[in-house]
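I pulled this one up to go through a few spots residue by residue. My notes follow in the order I looked things up.

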Amino acid sequence: MKFDPHIHSVYSGDSRSEVIDILIQAEKKGLDAIAISDHNEIKGSRLARSYGGSIIVVPSIEISSDKGHILGLGVDEIIPKGLSAVETVDRIHDAGGLAIVPHPFSYYRHGLFCNVDKNLVVDGVETKNARYIFGYSNKQAETLAYNKRLATLGASDSHFLKSVGDAFTEVNTKGNDSVDGILKAIKHRRCKAMGHRTSNFLIAKEVFVKKVLRRYPKREE
């Protein structure tokens, strides 16, 4: 099944994507499952699950540890930002989730492994982020995943609707197409990174709309 584990909604503060529109776009892109992984927030994730529908929504949150970002995949609670990387990972595991490192070697995106020991015990890393498909940072992630036997994930890291599903994770749930089935498959590394890079033109256009025109929608409550 096709799973995009790293999508941002308006609850992240740096995305203009409404939750319902993300679900509609995910269906258009042929995704089977998504995770709305907002920055230090779970409102978007919970709202997505409340809508129901054909798309499986995995609980998630992107946590800002003191050394970089970590996804708490399968986590349905707030884990405080600013904790050490070790404590953040421990909190994720205590909450029953998987600790996935997004863009792990991207210096300007708070890549965790730019700042911490690569022996930190995590469950997986993004080896194909739709914003960084080519380049040294992704190659480093692939090497780390191979050497440490970590799950390899693809993700859109979407901050606008058109980029949802550009990169994704192909997950072998062995017929258990559910939140638990997806998490179990990733834990046992039955997954691989797939997809393509998001257009730099579209990224630049979106940055202009947000930073220069400062157009943001109201958050759904």
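**Surface patch first**

I began on the outside, where Ile20, Ile24 and Tyr51 make a nonpolar surface patch of about 240 Å². My patch rule takes residues with over 30% relative accessible area and no salt bridge, joining nonpolar side chains (Val, Leu, Ile, Met, Phe, Trp, Tyr) within 5 Å and like charges within 9 Å. A salt bridge here is a side-chain nitrogen of Lys or Arg within 4 Å of a carboxyl oxygen of Asp or Glu. Areas are Shrake-Rupley with a 1.4 Å probe, and for residues only the protein chains shown count as cover.

Caveats for myself: this is a predicted model, so local features need pLDDT of at least 70 and side-chain atom pairs 80 or more, while totals for chains, interfaces and linings use all residues. Numbering runs from 1 along each chain as its sequence is written, and side-chain values use heavy atoms, with hydrogens and water left out.

Ile24 sits in helix α1, residues 19–28. Helices are DSSP runs of H or I, at least four residues, and strands are E runs of at least two, numbered from the N terminus. I get 42% relative accessible area for Ile24, which makes it partly exposed; buried is under 20%, exposed over 50%, partly exposed in between (1.4 Å probe, protein chains only).

**Helix α2**

Which residues of α2 are buried? I find Gly44, Ser45, Leu47 and Ala48 in this helix, which spans 43–51. They are on the same side of α2, because they cover an arc of only 165° around the axis, taken from the directions from the helix axis to the C-beta atoms. The buried residues of α2 pack against α1, β2 (33–36) and β3 (56–57), with contact meaning heavy atoms within 4.5 Å. Gly52 follows α2 with a positive phi, near 70°.

**Strand β4**

Next I went to Glu62 in β4, residues 62–65. Glu62 is buried, with a relative accessible area of 1%. What do I see its side chain joined to by polar contacts? I find His8 at 3.1 Å and His69 at 3.0 Å. The term means N or O atoms within 3.5 Å; within protein, one must be able to donate a hydrogen and the other to accept it, and residues adjacent in sequence count only if both atoms are side-chain atoms. Beyond four places in sequence, Glu62 touches residues including His6, Asp38, His39 and His103.

Ser64, also placed in β4, is buried at 18%. Leaving aside neighbours within four places, I have Ser64 in contact with Asn40, His69, Lys81 and Gly82.
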